[in-house]
Amino acid sequence: MNMIRGPRDFSPPPLLDDQATLARLIWRAARYASVREREAVAAVVMNRWRHNCDARAPISDACIAVEGISGSHGPRRPETGDVDYDCCCRIARRAIAGVLDDPTNGSTSFHFVDACPSWSLGRTPSAWVGGRLFYRMED
């Protein structure tokens, strides 16, 4: 019996559209942040999707809304082999699968700690993760 096998492929499975969109948003908004802060950004997207979207709506709808508040600038797509993007892909998979802990306590908005947008005045943050303050916005 031949026990020799060919080389094993250890690459992650391909991303689905929503996973790729969420991973790119996390990468653009928090590529220089800690893993926990990246997870917090993903949690905000998922919280917005759960609160504001139909269950059949694509998660990319919530990504568009969060991109407006994230202050993400720079390139739209990472380069091939970007380890930060690979990390963001893993976070996106976990968020969409529903197994990502929410470090934001259900927040749907955030801003950098050194900013003070008008919508945050008089509100108490529900979480402080890395360089961002997170808020639960009542309907």
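## A tour from Arg94 through the salt bridges and the core

Start by selecting Arg94, which counts as partly exposed at 32% relative accessibility. The model on screen is predicted. Now add Glu39: its side chain and that of Arg94 meet in a salt bridge, with 2.7 Å from N to O. Glu39 belongs to helix α2 and Arg94 to helix α4, so this pair ties together parts that are 55 residues apart in sequence. Glu39 itself has a relative accessible area of 8%; because the cut-off for buried is under 20%, Glu39 counts as buried. Add Arg36 to the selection as well, since Arg36, Glu39 and Arg94 are linked in a network of salt bridges.

**The other pairs on α2**

How many salt bridges does a search of the whole structure find? The search gives four.

Select Arg38 and Asp84 next. They form a salt bridge in which the closest N and O atoms are 3.0 Å apart. This pair also links distant parts of the chain, with Arg38 in helix α2 and Asp84 in helix α4, 46 residues apart. Arg38 is buried, at 4% relative accessibility, whereas Asp84 is partly exposed, with a relative accessible area of 28%.

Then select Glu37 and Arg132, a salt bridge whose closest N and O atoms are 2.4 Å apart. Here the link runs from helix α2 (residues 35–52) to strand β3 (residues 132–135), across 95 residues of the chain. Are Glu37 and Arg132 buried or exposed? Both are buried.

**Along helix α4**

Select residues 83–97, which make up α4. The helix has 15 residues and reaches 21 Å from its first C-alpha to its last, close to the 21 Å expected at 1.5 Å a residue. At its start, look at Asp82: a side-chain oxygen of this residue reaches to within 2.8 Å of the backbone nitrogen of Asp84. Just after the helix, Gly98 takes a positive phi of about 85 degrees.

Colour the buried residues of α4: Tyr85, Cys87, Cys88, Cys89, Ile91, Ala92, Arg93 and Ala95. Which helices do the buried residues of α4 pack against? Show α1 (17–30) and α2, and the packing against both comes into view.

**Into the core**

Move to Ile26. Leaving aside residues up to four places away in sequence, Ile26 touches Arg31, Arg38, Ala42, Cys88, Ile91 and Ala92. Arg38 is the residue already seen in the salt bridge with Asp84, and Cys88, Ile91 and Ala92 are among the buried residues of α4.

Ile26 also belongs to the largest nonpolar core, which has 32 residues; within it, Leu22, Ile26, Val45 and Phe134 touch the most other members. Elements giving two or more residues to this core are α1, α2, α3 (59–70), α4 and β2 (127–129). In soluble globular proteins, nonpolar side chains tend to be buried together.

**Zoom out**

Finish with the whole chain. The protein has four helices and three strands, and from the N terminus on they run α-α-α-α-β-β-β. Of its 139 residues, 43% count as buried. Among contacts between residues at least 6 apart in sequence, 66% join residues at least 24 apart. Switch on the surface last: the protein exposes about 8,500 Å², and carbon and sulfur atoms supply 54% of it.

Technical notes. Residues numbered from 1 in each chain as written. Predicted model: local features only at pLDDT ≥ 70, side-chain atom pairs only at ≥ 80, totals over all residues. Heavy atoms only, no water. Buried < 20%, exposed > 50% of the residue type's maximum accessible area, 1.4 Å probe, protein only. Expected span 1.5 Å × (residues − 1). Contact = heavy atoms within 4.5 Å. Polar contact = N/O pair within 3.5 Å; in protein donor to acceptor, adjacent residues only side chain to side chain. Areas by Shrake-Rupley, 256 points an atom, 1.4 Å probe, with all protein chains shown as cover. Core = buried A, V, L, I, M, F, W, Y, C linked by side-chain atoms within 4.5 Å.
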